Amino acid sequence: FDFITRTYYLKLSDKQIKRLIDSGAFDIFNINRFTLSNSLNSVLQYADVISDENGQISLDLGIQPPELMYKEDDPSELLSNEFEAIGIMLSDNPLSFKRDYLNSMNIVTIKSLIDQNIFQSSSIAGIVKNVKIIQTKKGEPMAFIKIFDETDELEATIFPNIYKDTIRLIQRNNYYIFKGKLDRRNGDYSFNIDEVTPLEV
């Protein structure tokens with residue numbers, strides 16, 4: 001409440017404040033990030049009432065701050081939002097704790113795959129950020145998914161020939177091992193998936 005009311009005259013957008021929440025800038029207050037995000041609109045409305053355009057705050061209006069709207073964090077969503085906000089995951093990543101196990105299975109990180117231009121068949125482990133299903137010109141379903149690990153993110157393609165065998169396994173914010181090949185077109189990297197295996201974390 002204090003931060004938003006004191007900075008309201010700067011006209012920070014809700015998206016900018018949400019980015020601060022997702023990055024962990026307010027973790028020091030010991031209120032979980034989903035609760036802060038869930039309460040953001042009501043706090044902005046409160047700030048609008050008690051603040052003027054010059055940054056002056058009127059606390060003598062008798063208006064009480066709204067109650068925080070509690071919402072439980074989703075750990076995978078939290079990490080995804082953090083990665084989106086600052087480009088890395090600082091607070092946690094279950095994959096980092098399984099890295100020795102993954103290395104023993106010759107599973108490489110996304111960053112290593114790209115930096116070393118490993119274009120032969122490889123396996124990566126990652127979290128599914130989003131899934132987009134489309135149809136080819138022949139009417140066959142295929143999918144594009146965004147994968148991220150503790151090092152980077154990568155778009156991956158599920159072609160029609162393996163779509164039926166793999167798409168049923170894939171859910172957003174779940175962890176998987178993906179076997180396939182790195183591809184590069186017009187300077188952009190992607191990963192063509194051949195096999196998908198759920199990963200326990």
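Colleague: How do the residues lining the second largest pocket divide into nonpolar, polar and charged?

Modeller: In this predicted model, they divide into 2 nonpolar, 3 polar and 5 charged. Ala, Val, Leu, Ile, Met, Phe, Trp, Tyr, Cys and Pro count as nonpolar, Asp, Glu, Lys and Arg as charged, and the others, Gly among them, as polar. Local features need pLDDT of at least 70 and side-chain atom pairs 80 or more, while totals for chains, interfaces and linings use all residues. Residues are numbered from 1 along each chain as its sequence is written, and side-chain values use heavy atoms, without hydrogens or water.

Colleague: How is such a pocket found, and which residues line the second largest one?

Modeller: Rolling a probe the size of a water molecule over the atoms shows where empty space is left. A pocket is an open set of points on a 1 Å grid over the protein atoms alone, where a 1.4 Å probe fits, with protein on both sides within 12 Å along at least five of seven lines; lining residues have an atom within 4 Å of a point. Here the lining consists of F144, E155, T157, F159, D183, R184, R185, D188, S190 and N192. At least two of the lining residues come from each of β4 (153-158), β5 and β6, where a strand is a DSSP run of E with at least two residues.

Colleague: How are β5 and β6 joined?

Modeller: Strands pair if DSSP finds at least two bridges between them. β5 (residues 175-185) and β6 (residues 188-198) run antiparallel, joined by 10 bridges, and L182 has F191 in β6 as its bridge partner. The two strands form a hairpin with 2 residues between them, and N186 in this turn has a positive phi of about 55°. β5 also pairs with β2 (residues 122-135), in the antiparallel sense over 6 bridges; there, I127 stands opposite Y175.

Colleague: Turning to a helix, which residues of α2 are buried?

Modeller: Buried means under 20% relative accessible area with a 1.4 Å probe, protein chains only, and a helix is a DSSP run of H or I with at least four residues. In α2 (14-23), the buried residues are I17, I21 and D22. They lie on the same side of α2 because they cover an arc of only 140° around the axis, taken from the directions from the helix axis to the C-beta atoms. These buried residues pack against α1, α3 and α4 (75-86), with contact meaning heavy atoms within 4.5 Å. Just after α2, G24 has a positive phi of about 95°.

Note on methods:
Buried < 20%, exposed > 50% of the residue type's maximum accessible area, 1.4 Å probe, protein only.
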